[in-house]
Amino acid sequence: MTAKTITRRGMLGSLAGLGIAATLGCGGPGSTTGGAADPVESGGEITGEVNFYHWRNEDKAILDELAASFVAAHAGVELTQTIDPSEQYQSTAAQKARDGAIGDSLTALAGAQFNQFAELGLFADLSDAAFGGNYEANLITPGASGGSQLGFPYQLIFNMPLLNTDLAERAGLGQAPADWDAWLDALDKLRGIGVVPIAWPGNDPANAFQIINSLVMNHGPSDDMFAGIEDGRYAATDDWWIAALTQFKELSGYFQDNFAGAGVDGVLAQFSQGEAAILPTGSYQIGQVREAGGEFGLEFAPLMTNSADEQPKYEGIFNSTFILGVNSAAGNAAGALAWVEFLSQPENAAVYANGTSQHVTVSGVEYENADLQALAPWATRNNLLAPRFQFLNLDIRSAIENSLVAVATGASPEQAAEQAQKLVEENR
């Protein structure tokens, strides 16, 4: 299915103060034809321990605060968190949660992991949950499968590079680059003031390859370009992907030394300390930047691969993820449902959003966080739903993503594309 966009015309209001709206169609990355477990009924007395399983350790403190409020409202309830690192969560969460020993309530990333949970029947059916009306309906489609709402994407993420605007001003940049030559000129100017233009976490797949989203948004032959590679309509050896690899190879000349072995913590520190101008991950790391001492202005700087005389189709990237659900094998299903309902209330979603620097998909949330307010205008731009999460086969996704590493470390775009396509065909 073709991904849709958030457009200025389709917005019902600003993110800051009026909630969020979008013009997403049905399905999209994360939708499947899998089944759902039986619905969970709400109501009745909530008691006992409720375990919440997720990967966002950086959210633990604010979720502890929310848990305290939840417990205060339900005498006899205890809310605990089980948190695995992102990569571990992606690879083992389904197996660890299937028997209900952990994760009465749990989360899924949009795309391949949600598809896995749906196929396993791991999520209970929340289609009839009254609190579903608290969400912007057009932003929760990545949590739907087979006609059932299995979970509610909680976070509205902008998967685009973050730019230190203080350094950009020092370098004489008036605004984020609007075409490829302007991008290269901006990187040269940033290097000229003695900072690393781009700190890329080449050894951390979850973060390194977010850059692929804006890299391809104006290259792909269709909005579902990566789904097309997976199903055989397109190939990694097609001209559009070779063109993207060619530009990425050029971009890699502006990365920090030893980028191929760099983890996200190191590049986060470089960026937060003002040693690097661009962190090519996304809005989900804004809170970590602030916690690490970054006090500069922030703006998004998506890769604009178009020429100066070419009108780009898309301006940026968004995704809705951190899909909240109830484990179909939960030992405390009623408590898990009550927790998801609690998080879905606008006043509690506001606490989460402002405390974690994350936009949310719940309607009517008041944003007080300065970064959320400053970046709110991006919700009204012509943004593409993050194509990286179109991949449902993670081996195929790795083949495509690793071709970026290949060109950055010396391979020609043609060589990297041929090797990627060979792996795609082996894993299809």
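Helices here are DSSP runs of H or I with at least four residues, and strands are runs of E with at least two, numbered from the N terminus. The model is predicted.

**Exercise 1. Describe the protein as a whole: secondary structure, burial, contacts, surface and confidence.**

Step 1. Under that definition, the protein has 17 helices and 16 strands.

Step 2. Of its 428 residues, 60% are buried.

Step 3. Take the contacts with a separation of 6 or more: 77% of them join residues 24 or more positions apart.

Step 4. The accessible surface is about 15,800 Å², and carbon and sulfur atoms contribute 46% of it.

Step 5. Mean pLDDT is 90, with 90% of the residues at 70 or more. Residues 1–34 have pLDDT below 50, yet in the model this stretch makes 109 contacts beyond near neighbours in sequence.

**Exercise 2. Check the length of helix 16 against its expected span, then describe its ends and its cover.**

Step 1. Helix 16 covers residues 394–408, which is 15 residues. The expected span is 1.5 Å times one less than the number of residues, so the helix should span 21 Å.

Step 2. The end C-alpha atoms lie 21 Å apart, in agreement with the expected value.

Step 3. At the start of the helix, a side-chain oxygen of N393 comes within 2.9 Å of the backbone nitrogen of D395. After the helix comes G410, with a positive phi near 130°.

Step 4. The buried residues of helix 16 are I396, R397, A399, I400, E401, S403, L404, V407 and A408. An α-helix has 3.6 residues a turn, so residues three or four places apart point the same way.

Step 5. The cover over these buried residues includes helix 3 (86–97), helix 8 (212–216), helix 9 (225–231), helix 10 (239–251) and helix 17 (413–427).

**Exercise 3. Decide whether Q113 is buried or exposed, and list its contacts.**

Step 1. Q113 belongs to helix 4, residues 112–120.

Step 2. Its relative accessible area is 6%. The cut-off for buried is under 20%, so Q113 is buried.

Step 3. With neighbours within four places in sequence set aside, Q113 contacts W55, Y89, Q90, A93, T107 and A108.

**Exercise 4. Classify the aromatic pairs F114–F123 and W200–F259.**

Step 1. A pair of aromatic rings is described by the distance of the centres and the angle of the planes. The protein has 28 aromatic pairs, counted with ring centres within 6.5 Å.

Step 2. For F114 and F123, the centres are 6.1 Å apart and the planes meet at 35°. Planes under 30 degrees apart count as stacked and over 60 as edge-to-face, so this pair is tilted.

Step 3. F114 is buried at a relative accessible area of 0%, and F123 is buried at 1%.

Step 4. W200 and F259 are also a tilted pair, 5.9 Å centre to centre with 55° between the planes. W200 sits in the loop between strand 11 (196–198) and helix 7 (205–208), while F259 sits in the loop between helix 10 and helix 11 (264–272). The two residues are 59 residues apart, and their pair links distant parts of the chain. Both W200 and F259 are buried.

**Exercise 5. Locate Y352 with respect to helix 14 and the aromatic cluster.**

Step 1. Helix 14 spans residues 346–356, and Y352 is among its buried residues, together with N348, A349, A350, A353 and T356.

Step 2. Just after helix 14, S357 has a positive phi of about 55°.

Step 3. Y352 forms one aromatic cluster with F52, Y53, W55, F70, Y89, Y154, F322, W339 and F342. Two members of this cluster, W55 and Y89, are also contacts of Q113.

Technical notes. Residues numbered from 1 in each chain as written. Predicted model: local features only at pLDDT ≥ 70, side-chain atom pairs only at ≥ 80, totals over all residues. Heavy atoms only, no water. Buried < 20%, exposed > 50% of the residue type's maximum accessible area, 1.4 Å probe, protein only. Contact = heavy atoms within 4.5 Å. Areas by Shrake-Rupley, 256 points an atom, 1.4 Å probe, with all protein chains shown as cover. Polar contact = N/O pair within 3.5 Å; in protein donor to acceptor, adjacent residues only side chain to side chain. pLDDT = per-residue confidence, 0-100. Phe/Tyr/Trp six-rings, centres within 6.5 Å; stacked < 30°, edge-to-face > 60°.
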